[in-house]
Amino acid sequence: MDKNKQPKIQIVNLSKVFGRSPKKMLQLVQQGMDKNELLTKHRHVLALDNINMELKEHSIEVIMGLSGSGKSTLIRHINRLIAPTAGEVLVDGENVCNMSAGQLRRFRQQKTAMVFQNFALLPHRTVIDNISFGLQIQGKSDTQIKRSSYYWLERVGLAGYEKNYPAQLSGGMQQRVGLARALACDADILMMDEAFSALDPLIRSDMQDVLLELQRELKKTIVFITHDLDEALKIGDRVAILNQGQLIQQGSADNILLHPADDYVRRFVADVNRTGVLRARSIMDSQLQTSPDFSNTVVVQEDDTVREVLHSMLSADSYNALVTNQSGKTVGRIDSEMLAAAVNN
Amino acid sequence: MSWSEFPSMSRADLRSLRKSIDESFRNFTQEYGESLERFFDPLLEFLIFSERLLLSTPWPIMIAICAALAFLASRSWKIVVGVILAFTLIGYLGMWQDTMRTLSIITVCTIVAIAIGIPIGIAMARSNKLQALISPILDVMQTMPSFVYLIPVVMLLGIGKVPGLIAVIIYALPPIVRLTNLGIRQVDPDVIEAADAYGCSGWQKLVNIQMPLALPSIFAGVNQTIMMSLSMVVIASMIGVKGLGQPVLKAITNQYFSMGLLNGFAIVAIAIIFDRVSQQYGRRIQQHRQGDHNG
């Protein structure tokens, strides 16, 4: 990742107060009033409290929090479905908050596409006409709309269902339509608001795999909202944790598991099954680059999960693993004690 | 002072109040009556045209057209047979011409009510202020006894087809306005949010989402409008609207029991046909709501 490049989306000092006179209430907050006092004394809700955050291009950025944490409010600021009380949202360096109504429409048509928790499909339109909705709004030609919608219909695995109505499909299939509708727009930014939360666990896991597979090829900037930490750690290149409208921590899955910023995050990650999330890179000792003089040492990749490392070591009846990077160079070593520590942490 | 008698205005004051209102309205009538009449001329021509069209079409073709329309809308053979039977019976009992006149005025009234009512309903759905303003007006239109607003209409436009039509429209317009408004307001906010997120303009949202999803509700409004205009034909006949209402009126004043009954049944038959056909049609356009997995 290129450090000099500007992030795709920059959120600067963003605050949002819901209520009758949000600007006035925000001043009280800035003078030190807390969220609960604001609610009980003034009946205003502080949904987002001075959020600063950068979201990188071509990666899956997860924003995680429980209900009421402000995550859905936050994602709606990116395409200004909700306008901020204070602060800025910059997409490709352009301030979304200053756009005129026409500019905003074009921005939403071309730069962003959104997938919703409750699917929000158009019930009166067939699957294929739902997929073509964004393209139709963009004013694309009929042949282009048709070509593109049928392509995405097939990519999400719904070929043959094009003439069905959403009500005739299962939840998982409906969300595939939602995903196809978003991808057909060919926007840089894909916004997913709890997109898989309404699905049952097996289907959810399927959809996560579909998304990861598509992302390997598409390299979009995906902003993914979820309340499910396992989901966040599975698909996120980085995870941002929101609590009570404040950004608590943002970092890679390993980073959050190994270095939780505060007690809230620590409690959160306590129940996570680490072996499927932590990668060899994060638990290895990079000082030790040579194998001690034992006969059976296995070689693992730095991107392998702890579970995979464990499996390799057990099947070779070995206590040591050398970790290599993609070009085959040895970058560190893991022994059974490090493994045990990582699992028990 | 006794509490049993309400301290009302003095009789003289009341009389002068009514007099001044009447006078100013009469002045208004004299001043603008003619130009108002001219304003409604196109409506009169439309009415005369449609009546002539229905009356001059040979009856077998008329029945065939009605049956075909009923089939197109409802796709139900039962309803088609009902339509043919009803019209044959009406013709055989000597009410063909009056029935055609009534059909003509109902058709014109429905078209005008749709043309006026749907835009008003849309405007109402877009603005809470407008809704607060129009709702009480609709209440008045629906509950004010029709004889009351017949008076000024007749004063302004005299007796004839157009005032009759206006009276019918005033009575029949509220349901379509209300149900258009309701239908649009009931569209799932999630779907509206999705439309916004994909960059829809207000017009694109209206055409692609709000109107199609409000259609069943709007259709119920059209159905109500037709029913209410049918129920007004007898009252409208008092100010010179020809059709099935006039024989009923004659029957009331002369105590012709069978004449009233037959014409009354003709009105009922038309109402049932309109109702069943439009309900079936309304059901068909909602097919997407069925969760059946075979398409």
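Helices (H or I, at least four residues) and strands (E, at least two) are DSSP runs, numbered from the N terminus. That naming puts A:Asp317 in the loop between α14 (306–315) and β12 (320–324) of chain A, and the legends below use it throughout. What you're looking at is a predicted model.

**Figure 1. The fold of chain A in outline.** Chain A carries 15 helices and 13 strands. Its C-alpha trace spans about 70 × 60 × 40 Å along the principal axes. Of the 345 residues in this chain, 41% count as buried. If you take the contacts in chain A with a separation of 6 or more, 67% of them come from residues 24 or more positions apart. The domain assignment of chain A gives domain 1 (56–83 + 100–274) and domain 2 (280–344), with 35 Å between the C-alpha centres of the two.

**Figure 2. Strand β3 of chain A, tucked inside.** How many residues of strand β3 (residues 60–64) of chain A are buried? Five of the five are, so the strand is largely enclosed by the rest of the structure. In a regular strand the side chains alternate between the two faces of the sheet. For β3(A), that puts A:Ile60, A:Val62 and A:Met64 on one side and A:Glu61 and A:Ile63 on the other, and all are buried. So even the charged-looking name in that list, A:Glu61, belongs to the buried set, because five of the five residues of β3(A) are buried.

**Figure 3. The strands that pair with β3 of chain A.** Strand β8 (residues 221–226) of chain A pairs with β3(A) in the parallel sense, over five bridges. To find your place in this pairing, look for A:Val62, which stands opposite A:Phe224 in β8(A). Strand β9 (residues 238–243) of chain A also pairs with β3(A) in the parallel sense, this time over four bridges. The handy marker here is A:Glu61, opposite A:Arg238 in β9(A).

**Figure 4. The largest nonpolar core and B:Cys109.** The largest nonpolar core has 154 residues, and A:Ala180, A:Val223 and B:Cys109 touch the most other members. Which helix gives this core its largest share? Helix α8 (residues 161–185) of chain B does, with 13 residues. On the chain A side, domain 1 (56–83 + 100–274) and domain 2 (280–344) each put in at least three residues. Zoom in on B:Cys109 and, leaving out residues up to four places away in sequence, you'll see it touch B:Leu165, B:Val168, B:Ile169, B:Ala172 and B:Ser229.

**Figure 5. Where chain B meets chain A.** The contact takes 21 residues from each side, chain B and chain A. On chain B, α9 (189–197) and α10 (202–231) each supply at least two residues to the side that touches chain A. The biggest giver on that side is α9(B), with six residues. Sorted by class, the side of chain B that touches chain A has eight nonpolar, eight polar and five charged residues. On the confidence front, the predictor gives the complex an ipTM of 0.86 and a pTM of 0.83. Chain B has a mean pLDDT of 90, with 97% of its residues at 70 or more. Within chain B, confidence is highest in α9(B), at a mean of 96, and lowest in helix α7 (residues 146–157), at 83.

**Figure 6. Exposed spots on chain A.** A:Gln144 sits in helix α7 (residues 142–155) of chain A. Is A:Gln144 buried or exposed? With 12 other C-beta atoms within 10 Å, A:Gln144 is exposed, because the cut-off for that class is 12 or fewer. A:Gln30 is 114 residues from A:Gln144 in sequence and 51 Å from it in space, C-alpha to C-alpha. Back in its loop, A:Asp317 is exposed too, with 8 other C-beta atoms within 10 Å. The C-alpha atoms of A:Asp317 and A:Arg181 are separated by 49 Å, with the two positions 136 residues apart along the chain.

**Figure 7. Positive phi outside glycine.** A:Asn13 isn't a glycine, yet its phi is positive, at about 45 degrees. A:Asn13 lies in strand β1 (residues 9–18) of chain A and counts as exposed, with 11 C-beta neighbours inside 10 Å. A:Asp92 is another residue other than glycine with a positive phi, near 50 degrees. You'll find A:Asp92 in the loop between β4 (86–91) and β5 (94–95) of chain A. With 15 C-beta neighbours inside 10 Å, A:Asp92 counts as partly exposed.

Notes: Residues are numbered from 1 along each chain as its sequence is written. Chains are lettered from A and ligands numbered from 1 in the order in which they are written. This is a predicted model: local features need pLDDT of at least 70, side-chain atom pairs count only at pLDDT 80 or more; totals for chains, interfaces and linings use all residues. Two residues are in contact if their C-beta atoms, placed from the backbone, lie within 7 Å. Ala, Val, Leu, Ile, Met, Phe, Trp, Tyr, Cys and Pro count as nonpolar, Asp, Glu, Lys and Arg as charged, and the others, Gly among them, as polar. Domain bounds come from an automatic or database domain assignment. A nonpolar core is a set of buried Ala, Val, Leu, Ile, Met, Phe, Trp, Tyr and Cys residues joined through C-beta atoms within 7 Å. A residue is buried if 20 or more other C-beta atoms lie within 10 Å of its own, exposed if 12 or fewer, and partly exposed in between; C-beta atoms are placed from the backbone. Two strands pair if DSSP finds at least two bridges between them. pLDDT is the predictor's confidence in each residue, from 0 to 100.
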